Amino acid sequence: MVEVEHLVKTYGAQQAVDDISFRADKGEIVGFLGPNGAGKSTTMKMALGYVPPTAGTVRVAGFDVREQPLEVRRRVGYLPEHNPLYLDMYVHEYLEFIGGVHGLRGRELRQRVAWLVQRVGLTREQNKQIGALSKGYRQRVGLAEALVHDPEVLILDEPTTGLDPNQISEIRDLIRELGENKTVIFSTHILPEVAALCSRAVIISRGRLVADAPVAELAARAAGETVLRAEFENPVALGPLRALSGVHRAEAGATPSTALIYTAPGTDVRAAVSRLAVEQGWLLLGLRQEQQSLEAVFGELTR
Ligand SMILES: Nc1ncnc2c1ncn2[C@@H]1O[C@H](COP(=O)(O)OP(=O)(O)OP(=O)(O)O)[C@@H](O)[C@H]1O
């Protein structure tokens, strides 16, 4: 289990991570989403103890990453975005080397490497040099490395970037399997990946958490709702909008004077919103109704 609480990272004047909290439980695959520079890698590195937080805590299986970093490292496997592999080593040799780094020796080491090779589907490639492998297979070596100490938690930074569609689907199958009895957090830019793999999505934008919801809920939001974008001259109270008949919810849009009003598809609340604006003395500048897509939900949240 991973618990991130009020995590902050400041670089000089820049707030790379700004008060992020979320948790991921065993048996859960959590997609960690956000545009470039949102703070995903920084958050992951803080969860691993590689980067000290400016404020806040990360706990892995109850251990605080600052107070008990070794206990945390014992329980976390990490696949970095740029997977640094020794290209001139043979797969088998490399995994033995990594196992040795983790203190495995002799029979235990041999058994673990055999298990890893089988686990990540490297049986036919195990006697090749890493440099001779395709990107997809190199990524499997990286996953084997992350799994060498059979961690409870896997943190994967963009695990499918640069792979072809077949390799992507193979790596996804592997992550899905691993997620059955581990906690998996992985970052990605690819929305269908989240829909295909994750139970939950945590979305960040400019260092801030903008959504933490079951993927099914985000997808339902995308497919099953119509959103009415209302632009006012000044910021308005959302309460009266939420109280209108047929409105599921209302939230602030990209600017404080824009409101996003969500309804069931086919429900048209434009007239009601116009009347409410007159009653409240709000100057309504525009009303636009649109169907949501998953991309639109993401775009809206991370704008
Ligand atoms: N060591 C550092 N020094 C200064 N600024 C940094 C440092 N590391 C990250 N940043 C800044 O913090 C912000 C968040 O970066 P981060 O790499 O965490 O984003 P990301 O969401 O992982 O992006 P990407 O998807 O492009 O990998 C960026 O604006 C980045 O420039």
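Here is a walk through this predicted model, from its two sheets to its ligand and a pair of helices. Residues are numbered from 1 along each chain as its sequence is written. Because this is a predicted model, local features need pLDDT of at least 70 and side-chain atom pairs count only at pLDDT 80 or more, while totals for chains, interfaces and linings use all residues.

First, some vocabulary. Helices (H or I, at least four residues) and strands (E, at least two) are DSSP runs, numbered from the N terminus. Two strands pair if DSSP finds at least two bridges between them.

Let's start with the sheet of four strands. It is open, its order is S2-S1-S4-S5, and the pairing is antiparallel. S2 and strand S5 (63-64) stand at the edges with a single partner strand each, so one side of each has no neighbour in the sheet. Look inside the sheet and you'll find strand S1 (residues 2-11) joined to strand S4 (residues 55-60) by five bridges, the two running antiparallel. For a landmark, try Glu5, which stands opposite Thr57 in S4. Helix H1 packs on this sheet and touches S1, S2 and S4. Touching here rests on contact: two residues are in contact if their C-beta atoms, placed from the backbone, lie within 7 Å. The direction of H1 makes about 120° with that of S1. As for such angles, axes are lines fitted to C-alpha atoms (for helices, over the stretch in contact), and angles run from 0 to 180 degrees between N-to-C directions.

Now for the sheet of six strands. This one is open too, with the order S6-S7-S8-S3-S9-S10 and mixed pairing. Strand S6 (76-79) and S10 are at the edges, each with a single partner strand, so one side of each is left free of a neighbour in the sheet. From one strand to the next, the twist averages 15°. S6 pairs with strand S7 (residues 153-157) in the parallel sense over four bridges, and Leu79 stands opposite Leu156 in S7. H1 turns up again here: it packs on the sheet, touching strand S3 (29-33), S6, S7, strand S8 (183-188) and S9, and its direction makes about 150° with that of S7. Helix H6 lies across S3, S7 and S8, running at about 150° to S8.

What joins strand S9 (residues 200-205) to strand S10 (residues 208-214)? Six bridges do, and the two strands run antiparallel. They form a hairpin with two residues between them, and Arg206 in the turn has a positive phi of about 50°. Ser205 stands opposite Arg208 in S10.

On to the ligand. The residues around the ligand include Tyr11, Gln14, Asn36, Lys40, Ser41 and Thr42; a residue counts as near if its C-beta atom, placed from the backbone, lies within 6 Å. Strand S2 (14-24) and helix H1 (40-48) each supply at least two residues of this shell, and H1 gives the most, with three residues.

Finally, a helix pair. The axes of helix H5 (residues 135-147) and helix H6 (residues 165-178) come within 9 Å and cross at roughly 20°. H5 and H6 are therefore roughly parallel to each other, a label for angles under 35 degrees (over 145 is roughly antiparallel, 65 to 115 roughly perpendicular, and the rest oblique). The contact is made by Lys135, Gly136, Gln139 and Leu143 of H5 and Gln167, Glu170, Ile171 and Leu174 of H6.
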